[in-house]
Amino acid sequence: MSEERETRLFMISPRSMLTPDQLSRMVHSYGESAIIKETCYGCLVEAPRETVLRILAKVREKYPNEVFSKVRAYPCSDPRRCRAQHGTRPGYAQLEEEWALLAHIQYALEKVGEGAKYVPPEEKKRIPVNDFKKICEVQ
């Protein structure tokens, strides 16, 4: 892939009511000249970098905490990765794990949007040895 083109994954959070079909159709409706491929977790968008970033901005405007993205190393339908052409799927387990975590990230972003603040946990204090012995000896 050249510096001029970029392929980006758009992943829908498991907590979202948005479907991959809806996301793909929405991206198509923007009228940008991009390759859009629906996937089980969202869609792939391939175009010149500026176009991909414009599409990303529009998607984030509509679904700020539900759709996440990252750059993909291979272009759409690359024979080394495309299952239709019997390509391999290394890295899919990592992608699946990241997808599962998106629900937690979405929840946290929603809470921050509501004004929640981070409160660090209290520092744990060590128990004196003699107190620990008493705890262990009690039956």
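**Exercise 1. The end of helix α1**

Which residue follows α1, and what is the sign of its phi?

*Solution.* A word on the source before we start: this is a predicted model. Step along the chain past the end of α1 and you meet G31. The phi of G31 is positive, near 75 degrees.

**Exercise 2. The two sides of helix α1**

Work out which residues of α1 are buried, where they lie around the axis, and what covers them.

*Solution.* Start with the range: helix α1 spans residues 20-29. Next, apply the cut-off, where buried means under 20% relative accessible area. Within α1, this picks out L23, S24, M26 and V27. These residues cover an arc of only 160 degrees around the axis, which puts them on the same side of α1. The general geometry helps here: an α-helix has 3.6 residues a turn, so residues three or four places apart point the same way. Now turn to the other side of α1, where R25 and S29 are exposed. Finally, look for the cover over the buried residues: it includes the strands β1 (5-12), β2 (35-39), β3 (42-48) and β4 (67-72), together with helix α2 (49-62).

**Exercise 3. Strand β3 and its partners**

Find the strands that β1 and β2 are each joined to, and say how enclosed β3 is.

*Solution.* Take β1 to begin with: seven bridges join β1 to β3, and the two run antiparallel. To check the register, find M11, which stands opposite G42 in β3. Then take β2, which is joined to β3 by five bridges, again in an antiparallel arrangement. Here I35 stands opposite E46 in β3. The connection is easy to trace, with β2 and β3 forming a hairpin that has two residues between them. As a last step, consider burial: six of the seven residues of β3 are buried, so β3 is largely enclosed by the rest of the structure.

**Exercise 4. Two residues in helices**

Decide whether T51 and L101 are buried, partly exposed or exposed, and describe the setting of each.

*Solution.* Locate T51 in helix α2. Its relative accessibility is 8%, so T51 counts as buried. Leaving aside residues up to four places away in sequence, T51 touches E32 and S33.

Now move to L101, which sits in helix α3 (residues 92-113). With a relative accessible area of 44%, L101 is partly exposed. To complete the picture, look at the surface around this residue: L101, I105 and L109 make a nonpolar patch of about 240 Å².

Key:
Residues numbered from 1 in each chain as written. Predicted model: local features only at pLDDT ≥ 70, side-chain atom pairs only at ≥ 80, totals over all residues. Heavy atoms only, no water. Buried < 20%, exposed > 50% of the residue type's maximum accessible area, 1.4 Å probe, protein only. Helix = DSSP H or I, 4+ residues; strand = E, 2+ residues; numbered from the N terminus. Arc of directions from axis to C-beta. Contact = heavy atoms within 4.5 Å. Pairing = 2+ DSSP bridges. Patch = residues over 30% accessible without salt bridge, like charges linked within 9 Å, V, L, I, M, F, W, Y side chains within 5 Å. Areas by Shrake-Rupley, 256 points an atom, 1.4 Å probe, with all protein chains shown as cover. Salt bridge = Lys/Arg side-chain N within 4 Å of Asp/Glu carboxyl O.
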